[in-house]
Amino acid sequence: MSDRGESGTVPVIRFREALRDAMAEEMRRDDRVFVMGEDIAVFQGSFKVTEGLLDEFGEQRVRDTPISENTIVGTGVGAAIAGLRPIVEIMTVNFALLALDQIVNHAAAIPYMFNGQMRVPMVIRMPGGGGHQLGPTHSHSFEALFLQVPGLLVACPSTPADGKALLKAAVRDDNPVVFIEHESLYGMRDEVPEGDRIQRFGEAAIRREGSDVTIVGILKMAHVAQEAADRLQTEHGISAEVIDPRTLRPLDLDTILDSVKKTSRAVIVEEGWPHGGVGANLSALIAEQGFDYLDAPIQRVTGADVPMPYSRRMEQAAIPHAENVIEAVLAATEGGLPREGTGGPR
């Protein structure tokens, strides 16, 4: 029996269990849904997200594959065109680079190439992010890379409840969905409502109400933003509103602009690189469509502009923390210049 939340009625489960439940429920609902990837069946996934699926659904619908990412995704593309709904797991977001031809040139492009007569309803799940000393080939954040590709939907859940609800929506969508999960959140426990809850894409969550500054954070950085907001309130008397976009394509820009209109200041937090990143894109959109609302330059807090280090100390220095966000907010609210340093505002 699972734990229950404060209400005593809502189960509390881990992020990885919420994702597993989403896949299992969709596989029970629709026999066209199947899962495939490296070590996802017998071994039950590198992060145990597919635990128990092989026992329930068998090897025809939970399929181990060879180590060949482009082939795995290509098989998914073909299966989706043929009428199935594959969920493809890539072991880490870095390995998705080996499948870019199938993701960008095929999954995303085929509906356009054939005037919408062919659809590619598939989900490509991939974990990323730093903090586990897995080095530069396992720990990067490529949200911006997939964000740039027309034809792809991009989901970035930060809570177990949203992870489950967004994954169920992704499976039912007729478009290819890149579903990015943060490795540090797999063990997170939180309330996940039972039942067939679907989270619509393009609908941001306001995690914290505020009036002085808008902080936008994705994936793990949504939690870093909330920690910073709490400290800003208690330590500096600054009321920060925290927005979690949930999906980057489609993007709920209206909710972000409404918040900036209220606060007049914006800080964007991401773990990815600064150049051409999620923050760069959001900054441009806010400047283009909300410039008159702003009383200060938009601040960005990003990962350091280097490949992710293996050394724990250097890795932590390359990842944004609440201190970096607080510093950026103080720069935005007081007009001061941020302190130079890795992981800080740029």
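Over the ring of which residue does the charged end of Lys-48 sit, and how far is it from the centre? The ring is that of Phe-43, and the distance to its centre is 3.9 Å. A charge is taken to sit over a ring if NZ of Lys or CZ of Arg is within 6 Å of the ring centre and within 35 degrees of the ring normal.

The model is predicted, so local features need pLDDT of at least 70 and side-chain atom pairs count only at pLDDT 80 or more, while totals for chains, interfaces and linings use all residues. Residues are numbered from 1 along each chain as its sequence is written, and side-chain values use heavy atoms, with hydrogens and water left out.

Two helices serve to introduce the fold. Helices (H or I, at least four residues) and strands (E, at least two) are DSSP runs, numbered from the N terminus. Helix 1 covers residues 15–29; its 15 residues reach 21 Å from the first C-alpha to the last, close to the expected 21 Å. The expected span is 1.5 Å times one less than the number of residues in the helix. Buried residues of helix 1 are Phe-15, Ala-18, Leu-19, Ala-22, Met-23, Ala-24, Glu-26 and Met-27. Here buried means under 20% relative accessible area, exposed over 50%, and partly exposed in between (1.4 Å probe, protein chains only). An α-helix has 3.6 residues a turn, so residues three or four places apart point the same way.

Helix 7, residues 160–172, has 13 residues and spans 19 Å between its first and last C-alpha, close to the expected 18 Å. Because 12 of its 13 residues are buried, helix 7 is largely enclosed by the rest of the structure. Among the buried residues are the charged Asp-162, Lys-164 and Lys-168, as well as Leu-166, Leu-167 and Val-171.

The structure holds 23 salt bridges, each defined as a side-chain nitrogen of Lys or Arg within 4 Å of a carboxyl oxygen of Asp or Glu. One of them joins Glu-89 to Arg-125, with the closest N and O atoms 2.8 Å apart. Glu-89 belongs to strand 5 (residues 85–89) and Arg-125 to strand 6 (residues 123–128), so this pair ties together parts that are 36 residues apart in sequence. Both Glu-89 and Arg-125 are buried. In another salt bridge, Asp-30 meets Arg-32, again with 2.8 Å between the closest N and O atoms. Asp-30 is buried, at a relative accessible area of 8%, whereas Arg-32 is partly exposed, at 36%.

A further salt bridge links the side chains of Glu-235 and Arg-231, at 3.2 Å from N to O. These two residues are four apart in helix 8 and are therefore separated by about one helical turn. Glu-235 is partly exposed, with a relative accessible area of 47%, and Arg-231 is also partly exposed, with 24%. Elsewhere, salt bridges that share partners join Glu-25, Glu-26, Arg-29, Lys-164, Lys-168, Arg-172 and Asp-196 into one network.

Several backbone features merit attention. Gln-44 has a phi near 70°, a positive value in a residue other than glycine. Gln-44 lies in the loop between strand 3 (33–37) and helix 2 (53–57), and is partly exposed, with a relative accessible area of 22%. Leu-219, likewise not a glycine, has a positive phi of about 50°. Its loop runs between strand 11 (213–217) and helix 8 (220–236), and at 4% relative accessibility Leu-219 counts as buried. The peptide bond from Arg-249 to Pro-250 is cis, with omega near 0°. Pro-250 is placed in the loop between strand 13 (247–249) and helix 9 (253–263).

Helix 9 also contains Lys-261, which is exposed, with a relative accessible area of 52%. Lys-261 and Phe-291 are 30 residues apart in sequence, and their C-alpha atoms are 9.4 Å apart in space.

On the surface, Ile-81, Met-113, Phe-114 and Met-118 make a nonpolar patch of about 350 Å². Patches consist of residues with over 30% relative accessible area and no salt bridge, like charges being joined within 9 Å and nonpolar side chains (Val, Leu, Ile, Met, Phe, Trp, Tyr) within 5 Å. The accessible areas come from the Shrake-Rupley method with a 1.4 Å probe, and for residues only the protein chains shown count as cover. Within this patch, Met-113 belongs to helix 5 (residues 110–113) and is exposed, with a relative accessible area of 54%.
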